[in-house]
Amino acid sequence: MNTSNLYVDHLAWCGLIALNLARQAGTVSSAAQENLFLCRWLATAKKKRLFRRELANDIRWLLKEGREKGLRADLPGKLEYLWRASIGDLLTQNDLFRLQHILHAITLTGINYGILTETEWEGRHAVKLNPKVPGLYVRKSDLQAGFDDEGCQLKPLAVRITADLSGVDALLLRAGWKRNADLKDPLLHNLTSDIQKA
């Protein structure tokens with residue numbers, strides 16, 4: 001999915017409006033119906049070429065996700081993410097909200113994402129990460145204690161990254177976050193919000 005596409009906000013907006021109209025009309029009332037509705041909507045958009053040619057690959061990708069993954073594809077969530085990321089309103093949200101969008105975007109790109117407990121993070125029973133399998137893994141305790149009740153970051157978030165760092169950095173930058181590498185462990189990084197608090 002090319003989130004830098006200038007027209008992706010139009011596609012996302014149209015999909016979300018169509019879905020909300022279907023909800024109001026009562027034709028869509030469950031997650032399964034939402035997925036089916038959006039798959040049909042995307043198939044129609046593809047067949048009738050309702051959007052610019054630059055969006056053809058994005059439409060095909062969303063359609064494939066919806067058909068192959070079903071409810072797990074979370075098509076409404078993907079469209080919501082694309083809409084928020086493309087209109088620039090993402091940077092006005094709190095740190096935790098923006099982090100959740102990054103993690104959602106990570107999964108959109110096909111990178112594995114996981115939350116590791118203390119025993120999975122370090123020690124004898126630590127998960128062995130394969131550097132050849134792209135992934136981003138968050139330390140659960142940092143996620144639980146790293147934010148206040150308003151969603152503002154309190155301390156850096158430890159993550160292990162086996163994915164392409166330039167791609168991860170692009171997603172972080174877009175959402176107002178930055179990565180600092182740990183010099184002792186090539187897979188270990190700390191994520192911090194890059195937006196100054198007022």
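Is Cys 14 buried or exposed? In this predicted model, Cys 14 counts as buried, at 18% relative accessibility. Cys 39 is likewise assigned to the buried class, with a relative accessible area of 9%. A disulfide is a covalent bond between the sulfur atoms of two cysteines. The cysteine sulfur closest to that of Cys 14 belongs to Cys 39, and the separation of 17 Å is too far for a bond. The converse holds for Cys 39, whose closest cysteine sulfur is that of Cys 14, at 17 Å. Because a disulfide requires cysteine sulfur atoms within 2.5 Å, this pair does not qualify. The count for the structure comes to 0 disulfides.

The strands were examined next. An open sheet is formed by 5 strands in the order β1-β2-β3-β5-β4, and the pairing is mixed. Strands β1 (112-116) and β4 stand at the edges with a single partner strand each, so one side of each edge strand is left without a neighbour in the sheet. On average, neighbouring strands are turned by 30° against each other when direction is ignored. Strands β4 and β5 run antiparallel and are joined by 5 bridges. In this part of the sheet, Ala 181 is placed opposite His 189 of β5. Helix α8, spanning residues 165-174, packs on the sheet and touches β2, β3, β4 and β5. The direction of helix α8 makes about 145° with that of β4.

Charged side chains were then considered. Side chains of opposite charge can pair when their charged atoms come close. A search of the whole structure yields 11 salt bridges. One of these links Arg 98 to Asp 95, with the closest N and O atoms 3.0 Å apart. Both residues lie in helix α5 (residues 95-108), and because they are 3 residues apart, about one helical turn separates them. Arg 98 is buried, its relative accessible area being 1%. Asp 95 also counts as buried, at 4% relative accessibility.

Two further salt bridges connect a loop with a strand. The side chains of Glu 122 and Arg 139 meet at an N to O distance of 2.9 Å. Glu 122 is located in the loop between α6 (118-121) and β2 (135-139), whereas Arg 139 belongs to strand β2, so this pair ties together parts that are 17 residues apart in sequence. The two partners fall into separate accessibility classes: Glu 122 counts as partly exposed at 44% relative accessibility, while Arg 139 counts as buried at 17%.

The salt bridge between Asp 185 and Arg 160 has its closest N and O atoms 3.5 Å apart. Asp 185 occupies the loop between β4 (177-181) and β5 (188-193), and Arg 160 lies in strand β3 (residues 157-161); the pair therefore ties together parts that are 25 residues apart in sequence. Asp 185 is partly exposed, with a relative accessible area of 23%, whereas Arg 160 counts as buried at 15% relative accessibility.

Salt bridges also occur as a network, in which Glu 65, Lys 69 and Lys 78 are linked.

Terms used:
Residues numbered from 1 in each chain as written. Predicted model: local features only at pLDDT ≥ 70, side-chain atom pairs only at ≥ 80, totals over all residues. Heavy atoms only, no water. Salt bridge = Lys/Arg side-chain N within 4 Å of Asp/Glu carboxyl O. Helix = DSSP H or I, 4+ residues; strand = E, 2+ residues; numbered from the N terminus. Buried < 20%, exposed > 50% of the residue type's maximum accessible area, 1.4 Å probe, protein only. Pairing = 2+ DSSP bridges. Axes fitted to C-alpha atoms, helices over the stretch in contact; angles between N-to-C directions. Contact = heavy atoms within 4.5 Å.
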